[in-house]
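Q: I'm new to this structure and would like a close look at a single part. Could you pick one contact, walk me through it slowly, and then show me how it fits with the rest?

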Amino acid sequence: MEKIEDILKDLPEDLRIPFYKAFNVIKEESKELIAREEISKRLVAIKDITEAQKITERTLEDLIIGFSDLKKQVGGITNTIGYTLENETIKKMPN
């Protein structure tokens with residue numbers, strides 16, 4: 001790939017400097033454009049991550065609620081089994 005310096009060296013002196021300055025301006029503008037595009041891509045990625053985080057938090061809240069309900073149900077079953085065992089034990093005890 002040819003370098004800009006190699007291309008510009010063939011131009012007359014009075015054109016070489018303005019072309020070189022114009023090339024540098026274009027080069028800097030290109031860098032800025034690339035930087036803006038990169039920032040834009042990163043902002044989109046951050047937005048996507050934020051949405052995923054919100055979904056994760058809602059799912060976690062649902063799991064916490066479900067776990068709390070499960071604990072209550074297991075506690076109720078444990079009490080029922082305990083009462084049943086106690087009743088059966090009392091029935092089988094000699095008077």
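A: Let's start with a salt bridge, the one where the side chains of glutamate 32 and arginine 36 meet, with 3.8 Å from N to O. Keep in mind as we go that this is a predicted model. A pair counts as a salt bridge when a side-chain nitrogen of Lys or Arg lies within 4 Å of a carboxyl oxygen of Asp or Glu, so the 3.8 Å between glutamate 32 and arginine 36 makes the cut.

How far apart are the two partners along the chain? Glutamate 32 and arginine 36 are four residues apart in helix H2, so about one helical turn separates them.

Now for how open each partner is. Arginine 36 has a relative accessible area of 52%, and exposed means over 50%, so arginine 36 falls in the exposed class. Glutamate 32 comes in at 46% relative accessibility, which means that it counts as partly exposed.

Right beside this pair in the numbering is leucine 33, which also lies in helix H2. Its relative accessible area is 42%, so leucine 33 is partly exposed. Leucine 33 is a handy spot for getting a feel for distance, too: from its C-alpha to that of isoleucine 90 is 85 Å in space, with their positions 57 residues apart in sequence.

Let's look at another salt bridge, between lysine 31 and glutamate 28, where the closest N and O atoms are 3.6 Å apart. These two sit three residues apart in helix H2, so they too are separated by about one helical turn. Lysine 31 has 46% relative accessibility and so counts as partly exposed. Glutamate 28, at 40%, is partly exposed as well.

There is also a pair made by arginine 16 and glutamate 13, whose side chains meet at 3.2 Å, N to O. Both residues lie in helix H2, three residues apart, about one turn of the helix. Arginine 16 is partly exposed at 28% relative accessibility, and glutamate 13 is partly exposed at 47%. How many salt bridges does the model have in total? The count comes to six, and the pair we began with, glutamate 32 and arginine 36, is one of them.

What else is on the surface? Ile39, Leu43 and Ile46 make a nonpolar patch of about 310 Å². Leucine 43 has its place in helix H2, which covers residues 13-92. With 53% relative accessibility, leucine 43 counts as exposed.

There's a charged patch as well: Glu2, Glu5, Asp6 and Asp10 gather in a patch of negative charge on the surface. Glutamate 5 belongs to helix H1, residues 4-8, and is partly exposed, with a relative accessible area of 44%. For charge across the whole protein, there are 16 positive and 19 negative charges, and their mean positions are 5 Å apart.

Finally, let's step back to the overall picture. The secondary structure comes to two helices and zero strands. The C-alpha atoms fill a box of roughly 125 × 20 × 10 Å along the principal axes. The radius of gyration is 38 Å, whereas a compact globule of 95 residues would have one near 12 Å.

How much of the protein is buried? Just 1% of the 95 residues count as buried. The protein exposes about 8900 Å², and carbon and sulfur atoms supply 63% of that area. So much for the wider view; back at the starting point, glutamate 32 and arginine 36 form their salt bridge about one helical turn apart in helix H2.

Key: Residues are numbered from 1 along each chain as its sequence is written. This is a predicted model: local features need pLDDT of at least 70, side-chain atom pairs count only at pLDDT 80 or more; totals for chains, interfaces and linings use all residues. Side-chain values use heavy atoms; hydrogens and water are left out. Patches are made of residues with over 30% relative accessible area and no salt bridge: like charges are joined within 9 Å, nonpolar side chains (Val, Leu, Ile, Met, Phe, Trp, Tyr) within 5 Å. Accessible areas come from the Shrake-Rupley method with a 1.4 Å probe; for residues, only the protein chains shown count as cover. Buried means under 20% relative accessible area, exposed over 50%, partly exposed in between (1.4 Å probe, protein chains only). Lys and Arg count as positive and Asp and Glu as negative; His and the chain ends are not counted. The place of a charge is taken as NZ of Lys, CZ of Arg, CG of Asp or CD of Glu. The radius of gyration is taken over C-alpha atoms; the globule rule is 2.2 Å times the number of residues to the power 0.38.
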